[in-house]
Structures are given as C-alpha cells and as structure tokens.
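Reader: I am new to this structure and would like to begin with a single part, followed slowly and with every term explained. Please start with one loop residue and then move outward from there.

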Amino acid sequence: MAMKIRLARGGSKKRPHYAIVATDSRMPRDGRFIEKLGTYNPLLPKDDERRVIMDVERVQYWISQGAQPTDRISRFLEAAGAVEKKERNNPKKAVPGKAATERAEAKAAKAAAAAEAPAEEGAE
C-alpha cells in the first residue's frame, strides 16, 4: 500500500482549513484517511504558532513505515526541524516569460530609436 502524508482540505468557500493526514495515496484528497496528524490554517499570519499544528512523533512514525510526505508537508517538517532541508533547484524561476521578453525587447527598440533621433538632429 502506497502511503502519503498530505493535506486534506476542509473549511468553506474562500476560507480554507487543512488537516494533515496519513492516507493511502489511492484515496481522494478529502476522502478516507488512516490518521489525522495535525492541522494547517493558511489564513493565520506566518509567524503565528497555531498556523501549523503537527504531531511530529506520529509523522516520523509514518515516514519510518514508508509514507511519503508531499512537498508542502516536507516544508512544514523542515521548518519544525524534524527533517533536514532538501536542496531545491528551479533554474527557470527567474527567467521572464514570453510576453515579458517581448515587452522588454520592444522597450529596448523604442529607447534605441529615441536615442538615435536626437543624435541625427544634432548632426545636421
């Protein structure tokens, strides 16, 4: 059985509240789970201690049993100091998109044309 430690969404529309659960990966996101391990409230400020409440001992137990934490859960565990930080690499994160590149090229061409125009008037 492929186990996951993941978030199960609760709360009403536009007011999310998540449960941190250990579940079979084949179950639906908000469906049946084996054990509730904590809660996550993204509406609270980042420095609030109630934002992430997690039973780290039980999470460690499930990881020792072969459960795979999702990326968000592994970040919570890194913040709690229960797991060493992983090196993440996203080299395309800082590269501008297609539209932004086109805008930058158009702006550069316009600036070059404006720089040439006064130089031509002064030469005559």
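**A loop residue and its surroundings**

Author: Leu-43 is a partly exposed residue, with a relative accessible area of 43% (under 20% is buried, over 50% is exposed, and partly exposed is what lies in between, using a 1.4 Å probe on protein chains only). Please keep in mind that this is a predicted model, in which local features need pLDDT of at least 70 and side-chain atom pairs count only at pLDDT 80 or more, while totals for chains, interfaces and linings use all residues. Residues are numbered from 1 along each chain as its sequence is written, and side-chain values use heavy atoms, leaving out hydrogens and water.

The loop that holds Leu-43 runs between strand 3, residues 35-40, and strand 4 (strands are DSSP runs of E with at least two residues, helices are runs of H or I with at least four, and both are numbered from the N terminus). Along the sequence, Leu-43 and His-17 stand 26 residues apart, while in space their C-alpha atoms are separated by 8.1 Å. For a contrasting pair, one may turn to Ala-106, which belongs to helix 3, residues 98-123: its C-alpha atom is 43 Å from that of Ile-73, with the two positions 33 residues apart along the chain. Ala-106 is itself partly exposed, because its relative accessible area is 47%.

Another loop residue deserves a careful look, namely Lys-14, which sits in the loop between strand 1 and strand 2, the latter covering residues 15-24. The phi angle of Lys-14 is positive, at about 65 degrees, although this residue is not a glycine. Lys-14 has a relative accessibility of 70%, and therefore counts as exposed.

From here we can move to the charged side chains. The whole structure contains 5 salt bridges (a side-chain nitrogen of Lys or Arg within 4 Å of a carboxyl oxygen of Asp or Glu), and one of them joins Asp-24 to Arg-26, where the closest N and O atoms are 2.8 Å apart. The partners in this pair are set differently towards the surface: Asp-24 counts as buried because its relative accessibility is 7%, whereas Arg-26, at 64%, counts as exposed.

A further salt bridge links the side chains of Arg-29 and Asp-30, with a distance of 2.8 Å from N to O. Here Arg-29 has a relative accessibility of 48% and so counts as partly exposed, and Asp-30, at 41%, is likewise counted as partly exposed. There is also a salt bridge between Arg-50 and Asp-48, whose closest N and O atoms lie 3.0 Å from one another; Asp-48 is a buried residue, since its relative accessible area is 16%.

Asp-24 comes up once more when we turn to Arg-6, a residue of strand 1, which spans residues 3-12. Arg-6 is buried and yet has no salt bridge, and the nearest side chain of opposite charge (Lys and Arg count as positive, Asp and Glu as negative, and His and the chain ends are not counted) is that of Asp-24, at 7.4 Å. Asp-24, for its part, is the residue already described as bridged to Arg-26.
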